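Here's a quick tour of the empty space in one protein, and of the fold around it. Have the model open while you read.

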Amino acid sequence: GKVGEARRQVWLARSEDGGRSFPVEGKAWSRATGACGCCGMKIFADRTGRVSALYRSATESVHRDIYLLWSNDHGRTFDGQLLHKWDVNACPMSSMDAAENGKETVAAWETGGQVYWVRLNPQGGAAGKPTSAPGDGKGRKHPRVAINRNGEVLLAWTEGTGWQKGGSLAWQVYDGAGQARDVKKQLPGIPAWSFAAAIAHPDNTFSIVY
């Protein structure tokens with residue numbers, strides 16, 4: 001087909017024999033959104049068998065929106081939803097994340113220098129409006145998210161990082177109702193090209209690895 005970010009799409013190759021073989025890939029979703037060339041797509045599966053994916057569009061090369069795809073039939077068909085709009089004539093070079101606790105799934109992404117997270121519906125799509133990290137959102141990238149058995153959410157992200165440039169790590173914990181708990185924490189010393197990983201433990205505590 002035609003080339004360019006505005007004509008890119010999410011493609012899927014699905015195995016039915018445990019990964020021993022794959023058929024020819026096909027389009028995961030029929031809607032023509034484009035796909036950002038440098039932003040990392042996140043695909044994930046929960047314990048109900050639902051398969052989901054987060055990706056950034058490139059519609060008309062300027063609509064760098066976040067889309068959620070989900071499949072309730074093991075990847076045979078997908079539905080999609082626009083989660084967050086962002087018009088910028090550039091690739092944000094961002095990444096996304098998702099996590100689940102066996103009952104709930106949460107997803108996180110960057111829009112306009114700020115990071116956001118949202119709970120997902122059990123049958124697909126977002127369960128409400130996105131929640132932003134506290135404070136002024138400038139230069140925030142690479143959100144990482146974890147959710148414990150109580151439904152509390154840890155959101156971690158980088159601040160001030162860029163091309164060949166390091167920055168700092170920041171994080172915020174939210175309660176089961178989505179309200180920020182305590183105050184945002186920050187730690188310097190993130191090297192260039194690096195970001196964190198967020199982990200929820202069986203005792204409902206969290207860890208951050210960076």
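How much space lies in the largest pocket? The answer is about 340 Å³. Keep in mind that what you're looking at is a predicted model.

## The largest pocket

Start at the middle of this pocket: Met93, Lys141, His142, Gly162 and Trp193 are the residues that lie nearest its centre. They belong to a lining of 18 residues in total.

What is that lining made of, by class? Eight of its residues are nonpolar, seven are polar and three are charged.

## The second largest pocket

Next comes the second largest pocket, which holds about 220 Å³ of space. It has 16 lining residues, and Glu100, Asn101, Ile147, Ala200 and His201 sit closest to its centre. Three strands each give two or more residues to this lining: β7 (97–100), β11 (140–147) and β15 (197–200).

Which element gives the most to the lining of the second largest pocket? That's β7, with four residues. Sorted by class, the lining of this pocket comes out as nine nonpolar, three polar and four charged residues.

## A closed cavity

Pockets are open, but there's enclosed space to look at too. The structure holds one cavity of 30 Å³ or more, and the largest cavity has a volume of about 50 Å³.

Which residues line the largest cavity? Going along the chain, they are Gln9, Val10, Trp29, Arg31, Thr33, Tyr55 and Leu69. Four residues of this lining are nonpolar, two are polar and one is charged.

## The fold around the space

Now zoom out. If you go hunting for helices, you'll find zero, against 16 strands in the protein. The radius of gyration is 17 Å, close to the 17 Å from the globule rule for 210 residues, so the protein is as compact as a globular protein of that length. Its C-alpha trace spans about 50 × 40 × 30 Å along the principal axes.

As for contacts, take the pairs of residues at least 6 apart in sequence: 48% of those contacts join residues at least 24 apart.

## Inside and outside

How much of the protein is buried? Buried residues account for 43% of the 210, where buried means under 20% relative accessible area. On the outside, the protein exposes about 10,800 Å², and carbon and sulfur atoms supply 51% of that area.

How values were computed:
Residues numbered from 1 in each chain as written. Predicted model: local features only at pLDDT ≥ 70, side-chain atom pairs only at ≥ 80, totals over all residues. Heavy atoms only, no water. 1 Å grid on protein atoms, 1.4 Å probe; cavity = no way out; pocket = protein on both sides within 12 Å on 5 of 7 lines; lining within 4 Å. Points joined across faces, edges and corners; volume = space filled by probe spheres on them. Nonpolar A, V, L, I, M, F, W, Y, C, P; charged D, E, K, R; others polar. Rg over C-alpha atoms; globule rule 2.2 N^0.38 Å. Buried < 20%, exposed > 50% of the residue type's maximum accessible area, 1.4 Å probe, protein only. Contact = heavy atoms within 4.5 Å. Areas by Shrake-Rupley, 256 points an atom, 1.4 Å probe, with all protein chains shown as cover.
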